[in-house]
Amino acid sequence: MRYQDKFIFGAAYYEEYMPCERLEEDMKMMVEAGFNTIRIGESTWSVEEPFPGSYDFSHIDRVIDSAEHHGLYVIVGTPTYAVPHWLVQLDPDVLVTTKDGKAKYGARQNMDITNPTYRFYAERMIRAIVSHTVNRKNVIGFQIDNETKHYGTAGDKVTILFQRWLQTKFKTIEEVNEAFGLNYWSNSVTRFEDLPNPAGTINGSYACAFAKFQRYMAEDFLMWQSNIVKEYLRPDQFITQNFDYEWKSFGAPGQQDGYSWGVQPDICHWHSAKAMTLIGTDIYCFVQDKLTGREIAFGGDLMRSLRKENYLVLESQAQAFADWLPYPGQLRLMAFSHLASGACGVMYWNWHSLHNGIESYWKGILGHDFEPNPVYDEICLIGKEMRRLSDKINGLKKKNRIALVVSTNTVNALKWFPTHKALQYNDVVHWVYDALYELNLECDVIFAQEWDWSDYDMIIFPELYSMHGSMAGRIREFVARGGTVFATFRSFVADKHVKIYHDRLPHDLTDVFGMTYNQYTRPVNVTVGGVEAKYWMELLNPTSAIPVENYTHGYWGKYAAVTKNHYEKGTAWYLGTMLSDEKLKEYLLAAAKDAGIEVQSQCWPIIIRNGISQEGKRLQFLLNYSNQNVPVCIGCQGRDLISNKIYKKNEEVLLMEWGVAVIEEA
């Protein structure tokens with residue numbers, strides 16, 4: 001059996017952290033849970049190389065041997081994200097220097113990914129661990145690094161590299177001064193080598209250029225690792241990396257709370273995906289009464305859309321910290337939700353809870369006593385279902401007619417020029433995405449660099465502040481051919497250098513949207529269609545557009561808040577303020593109808609996700625994100641792959657609380 005033939009199901013496993021001998025017992029429990037894969041090695045450089053050039057792969061070998069004996073695949077990680085102390089002793093500059101100063105040893109991801117000493121020893125370790133394990137028949141792939149980003153690297157050497165990088169992008173220093181507006185406050189210079197360290201800049205364009213360069217260094221770092229691994233890789237093995245997201249935290253700095261929220265600002269997933277042969281990701285979310293599946297769906301739609309291919313969830317939570325203990329049935333619902341978004345596998349972090357270290361109370365599948373528990377029992381149920389359904393559900397393909405466009409450059413730009421101190425870019429992205437999700441309007445999440453829009457009938461731009469100048473022409477062409485676009489406030493404002501355009505807004509698209517504006521303010525006692533306007537309002541002046549809604553206010557009432565314009569064969573919507581979720585849904589539904597997209601009769605808390613199986617049959621995933629039993633009307637004749645019950649078209653299936661059905665169309 002090849003790994004590609006089965007849904008990957010498993011967990012991270014670290015024998016190096018164990019307080020006692022557990023290997024044989026753990027392997028038996030994993031097999032009982034239906035696991036077919038484990039992930040090892042990405043965190044334990046100091047164990048595998050206790051002294052420079054002295055390698056000890058005894059734990060790696062023991063685990064691979066035992067996994068092979070028990071019929072489990074292994075993904076081996078390169079342990080480059082957590083450096084050993086001896087390496088820092090050899091060269092203290094291995095530790096990263098950020099705008100806040102030099103890092104101290106102890107944490108992970110504290111290294112300067114450009115440091116030559118780090119690179120030398122990292123390459124030796126990569127070559128050692130890959131060459132040692134690559135020919136093991138149950139090693140199916142390698143994970144390079146771990147949740148890779150640029151880690152804020154901003155030392156003097158990085159500044160010099162940044163200067164040189166700008167020289168490759170601009171012909172003259174005068175072009176740099178012009179592109180970034182460096183004349184402001186006497187920041188302009190006459191030589192590339194005189195460009196200042198960006199850590200102290202007050203210029204958003206210059207800072208965003210440096211952030212782009214930092215992302216480039218992270219992308220280069222991943223590709224460097226990938227190219228090393230490729231020298232050894234068998235044709236049947238993959239290279240992956242666990243992309244993560246901007247982490248939205250609610251507690252004190254360093255406190256383990258929050259969740260996978262939105263577009264990652266510190267590496268561009270679009271560019272760095274080329275380092276992988278199999279896209280991988282880590283997705284964490286709230287559970288209990290806060291479980292919605294939105295983070296699972298958003299992360300999956302973004303990962304899948306990178307290549308229009310299936311992706312692997314390398315980390316998902318089991319118990320995690322105190323308020324993340326799932327209700328019965330929620331882990332199963334989450335696993336099927338990953339699958340419904342196009343995942344080719346789900347793995348948990350991690351198998352066992354740690355007995356020391358900062359993550360001691362980020363609990364794994366097994367608690368500190370290693371005993372079976374209700375979480376383990378539920379994962380056994382999931383594993384049994386995945387084994388039985390694997391031939392039907394593996395390799396799910398999705399074809400969505402809506403695309404939501406995101407931008408890494410805009411994430412950083414709006415950190416400099418925020419819409420409101422309480423509103424970040426990813427908040428707006430999720431505001432729009434979550435509305436689509438709850439309406440069961442499935443979408444791809446694509447980056448602004450994606451040039452092929454031919455598969456889509458509707459494209460949505462949530463707060464796309466920074467855009468390349470050529471995008472306006474692409475939007476115009478898309479609408480002219482009959483497409484529908486939906487844009488929110490603060491879209492199409494600045495160029496790729498985050499320099500604000502000096503024509504009428506929205507830049508080069510006033511004819512497409514049939515309106516313009518040159519005033520904006522904070523809404524105070526302003527409503528739109530009976531609901532409160534929040535955070536930001538643009539005073540829209542329709543030219544050819546229909547004013548769908550005006551502001552209700554003594555002074556701002558003459559201005560439109562929402563417009564709709566017919567441009568050639570298509571339609572362009574523009575929303576100039578932030579409103580309630582329900583009001584946004586109203587506009588999105590109307591825009592979807594303009595695009596000819598079928599609207600589901602069922603909506604939140606019932607989530608419906610669709611796909612095509614490898615057999616070419618339509619699969620419909622019915623997911624109940626509530627603690628109530630809910631009857632759901634089946635839109636086609638088919639069979640529930642889980643219960644094997646046959647349903648006629650328009651017949652009802654009763655979804656139990658946190659329940660799942662997978663209907664295969666007849």
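**View 1. Glu21 and Arg62 form a salt bridge**. The closest N-to-O distance is 3.1 Å in this predicted model. A salt bridge here is a side-chain nitrogen of Lys or Arg within 4 Å of a carboxyl oxygen of Asp or Glu. Glu21 sits in the loop between β1 (8–12) and α1 (23–32). Arg62 belongs to helix α3 (residues 58–69), 41 residues apart from Glu21. Helices (H or I, at least four residues) and strands (E, at least two) are DSSP runs, numbered from the N terminus. Glu21 is exposed at 57% relative accessibility. Arg62 is partly exposed at 36%. The classes are buried under 20% relative accessible area, exposed over 50%, and partly exposed in between (1.4 Å probe, protein chains only).

**View 2. Glu246 and Lys415 form a salt bridge**. The closest N and O atoms are 2.9 Å apart. Glu246 lies in strand β9 (residues 246–248) and Lys415 in helix α13 (residues 408–416), so this contact ties together parts 169 residues apart in sequence. Glu246 is buried, at 16% relative accessible area. Lys415 is partly exposed, at 40%.

**View 3. Glu450 and Lys308 meet through their side chains**. This salt bridge spans 3.9 Å, N to O. Two loops are linked: Glu450 comes from the one between β15 (444–447) and β16 (458–461), Lys308 from the one between α10 (294–307) and β12 (311–317). The two residues are 142 residues apart. Glu450 is buried, with a relative accessible area of 11%. Lys308 is partly exposed at 36%.

**View 4. Six residues share a salt-bridge network**. The acidic members are Asp301, Glu442 and Asp444. Arg304, Lys398 and Arg609 supply the basic side chains. Across the whole structure, a search finds 46 salt bridges.

**View 5. Three strands make an open antiparallel sheet**. Their order is β19-β22-β27. The edge strands are β19 (520–521) and β27 (577–578). Each has a single partner strand, so one side of each lacks a neighbour in the sheet. Strand β22 (residues 534–538) pairs with β19 over 2 bridges, in the antiparallel sense. Pairing requires at least two DSSP bridges between the strands. Thr521 has Met537 of β22 as its bridge partner.

**Notes on the views.** Residues are numbered from 1 along each chain as its sequence is written, and side-chain values use heavy atoms, leaving out hydrogens and water. In this predicted model, local features need pLDDT of at least 70 and side-chain atom pairs count only at pLDDT 80 or more, while totals for chains, interfaces and linings use all residues.
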